[in-house]
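Please open the model in your viewer and keep the selection tool at hand. The tour below goes stop by stop, with something to select at each one.

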Amino acid sequence: MIDVGSLGALRSVAALGTIARAADELGFTASAVSQQIKRLERQVGVALLAPAGRGVVLTPAGRALLDAAPEVFQSLERCAEAARSVADGTPTGVLRVAAFSTAIRGLLAPHLPNLAAECPDLHLQVTEQDPDQALHSVAAGTADLAIIHDADGLSPRLPSSLTHRHLHTDLGDLVMHRSHPLAAARQPLTSADVVGQAWVTSPPGTVCHQWFRRLVADQPGEPDVRHLVDDFATQLSLVAAGEVIALVPRLARPALGDDLVTRVLQPPPMREVSAAWRRSADASPAIRSVVAELLPGADVS
């Protein structure tokens with residue numbers, strides 16, 4: 001009989017490209033993962049991995065095995081969820097959540113006290129991961145729930161084994177010192193209002209930098225970007241000095257204090273935030289409770 005743990009190890013190695021990276025993800029040593037793969041090869045009687053540079057790739061037999069594996073994992077998870085649901089659907093145990101940083105700060109953390117009160121036997125284990133990585137973790141079984149966002153209007157591509165639910169629309173606002181000339185301007189502001197302004201922005205490759213580039217796309221010449229900073233609290237410390245303005249998502253925005261103000265943009269930059277989980281875990285009381293808390297009234301059936 002095929003060892004399910006070894007099959008899961010093969011899935012992680014195939015997704016990450018090396019035994020070492022799979023070991024890090026699974027919390028094992030590289031030697032232990034290597035032994036799991038060898039055990040699986042003995043069980044099926046064929047080689048499943050082949051060397052490829054510094055990494056490994058699936059052999060045709062390995063690919064055929066993994067193509068059939070999702071049904072195995074989903075059936076096992078449905079069995080486990082059926083057992084958990086017997087206890088009156090009470091959410092218990094540990095729910096592993098992978099989420100991007102601003103969702104942790106602005107969406108998840110504010111709901112943790114209520115979740116603790118409503119579900120005292122449920123414990124969330126939160127790991128910061130970008131959306132693509134979070135989806136991989138859920139698909140691979142190393143996380144149970146992912147909180148993700150779209151990228152420039154394009155939703156992340158979900159594996160067929162996952163389902164998702166929209167949670168929140170996050171908007172971006174301008175933040176400036178209250179003495180800044182734009183603080184007294186009419187609202188909402190447009191791209192024409194920010195011509196010639198000095199900026200602190202998120203680095204290229206982030207959604208917030210895409211928002212910024214779209215906002216200033218029609219301006220002549222290059223915008224005056226004084227600082228590239230990933231951390232939003234650090235951005236706001238530079239804004240508080242009065243020299244620059246920033247474009248900050250509402251989920252990422254800490255308390256502004258007395259010196260800073262926000263101004264709405266038209267059209268508003270936005271990103272859609274969703275929760276994703278394995279279809280085989282649809283009946284999970286823990287997932288249903290967390291999603292319902294993050295989106296009151298959500299029907300996740």
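## Stop 1: salt bridges

Select Asp-170 and Arg-271: their side chains meet in a salt bridge, 3.0 Å from N to O. Asp-170 belongs to strand β6 and Arg-271 to strand β11, so this pair ties together parts that are 101 residues apart in sequence. Asp-170 counts as buried, at 0% relative accessibility. Arg-271 is buried too, with a relative accessible area of 4%.

The model is a predicted one. The mean pLDDT of the protein chain is 88, and 95% of its residues reach 70 or more. If you colour by pLDDT, look at residues 297-301, where the value stays under 50. For that stretch the model has nine contacts beyond four places in sequence.

Next, select Asp-173 and Arg-253, which form a salt bridge with the closest N and O atoms 2.9 Å apart. Here Asp-173 lies in strand β6 and Arg-253 in the loop between β9 and β10, so the pair ties together parts that are 80 residues apart in sequence. Is each partner buried or partly exposed? Asp-173 is buried, at 3% relative accessibility, while Arg-253 is partly exposed, with a relative accessible area of 27%.

Now select Arg-226 and Glu-243, whose side chains meet in a salt bridge of 2.7 Å, N to O. Arg-226 sits in strand β8 (residues 224-228) and Glu-243 in the loop between α9 (232-240) and β9, so the pair ties together parts that are 17 residues apart in sequence. Arg-226 is partly exposed, with a relative accessible area of 41%, and Glu-243 counts as partly exposed at 42%. Then add Arg-96, Asp-144 and Arg-278, which salt bridges that share partners join into one network. The count for the model comes to 10 salt bridges.

## Stop 2: the largest pocket

Keep Arg-271 selected and show surfaces. The largest pocket has a volume of about 610 Å³. It is lined by 25 residues, and the closest to its centre are Asp-130, His-149, Thr-206, Val-207 and Arg-271. Select α5 (101-108), α7 (131-140) and α8 as well, since these are the elements that give two or more residues to the lining of the largest pocket. By class, the lining has nine nonpolar, eight polar and eight charged residues.

## Stop 3: helix α7

Stay on α7 and show its side chains. Which residues of α7 are buried? They are Pro-131, Ala-134, Leu-135, Ser-137, Val-138 and Ala-140. These buried residues pack against α1, α2 (19-26), β3 (93-99), β5 (145-149), β6 and β11. Just after α7, select Gly-141, which takes a positive phi of about 85 degrees. Most residues other than glycine have a negative phi.

## Stop 4: the second largest pocket

About 450 Å³ of space lies in the second largest pocket. Of its 19 lining residues, Arg-11, Pro-70, Ala-139, Pro-159 and Ser-161 lie nearest the centre. Select α1 (4-16), α4 (60-85) and α7, each of which supplies at least two residues of this lining. Which element gives the largest share of the lining of the second largest pocket? That is α4, with eight residues. The lining of the second largest pocket divides into nine nonpolar, five polar and five charged residues.

## Stop 5: a cavity

The count comes to one cavity of 30 Å³ or more, and the largest cavity holds about 40 Å³ of space. To find the largest cavity, select its lining: Trp-199, Val-200, Thr-201, Ser-202, Cys-208, Phe-212, Gln-235, Ala-246 and Leu-247. β7, α8 (207-215) and β9 (246-249) each supply at least two of these residues, and β7 gives the largest share, three residues. By class, the lining of the largest cavity has six nonpolar, three polar and no charged residues.

## Stop 6: two cis peptide bonds

Finish on the backbone. Most peptide bonds are trans. Select Gln-187 and Pro-188, which are joined by a cis peptide bond with omega about -5 degrees. Pro-188 is in the loop between β6 (162-177) and β7 (198-201). Then select Gln-266 and Pro-267, joined by a cis peptide bond with omega about 0 degrees. Pro-267 is placed in the loop between β10 (260-263) and β11 (270-278).

Terms used. Residues are numbered from 1 along each chain as its sequence is written. Side-chain values use heavy atoms; hydrogens and water are left out. pLDDT is the predictor's confidence in each residue, from 0 to 100. Contact means heavy atoms within 4.5 Å. Helices (H or I, at least four residues) and strands (E, at least two) are DSSP runs, numbered from the N terminus. On a 1 Å grid over the protein atoms alone, a cavity is a set of points where a 1.4 Å probe fits but cannot get out, and a pocket is an open set with protein on both sides within 12 Å along at least five of seven lines; lining residues have an atom within 4 Å of a point. Grid points are joined across faces, edges and corners, and a volume is the space filled by probe spheres set on the points. Ala, Val, Leu, Ile, Met, Phe, Trp, Tyr, Cys and Pro count as nonpolar, Asp, Glu, Lys and Arg as charged, and the others, Gly among them, as polar. Buried means under 20% relative accessible area, exposed over 50%, partly exposed in between (1.4 Å probe, protein chains only). A salt bridge is a side-chain nitrogen of Lys or Arg within 4 Å of a carboxyl oxygen of Asp or Glu.
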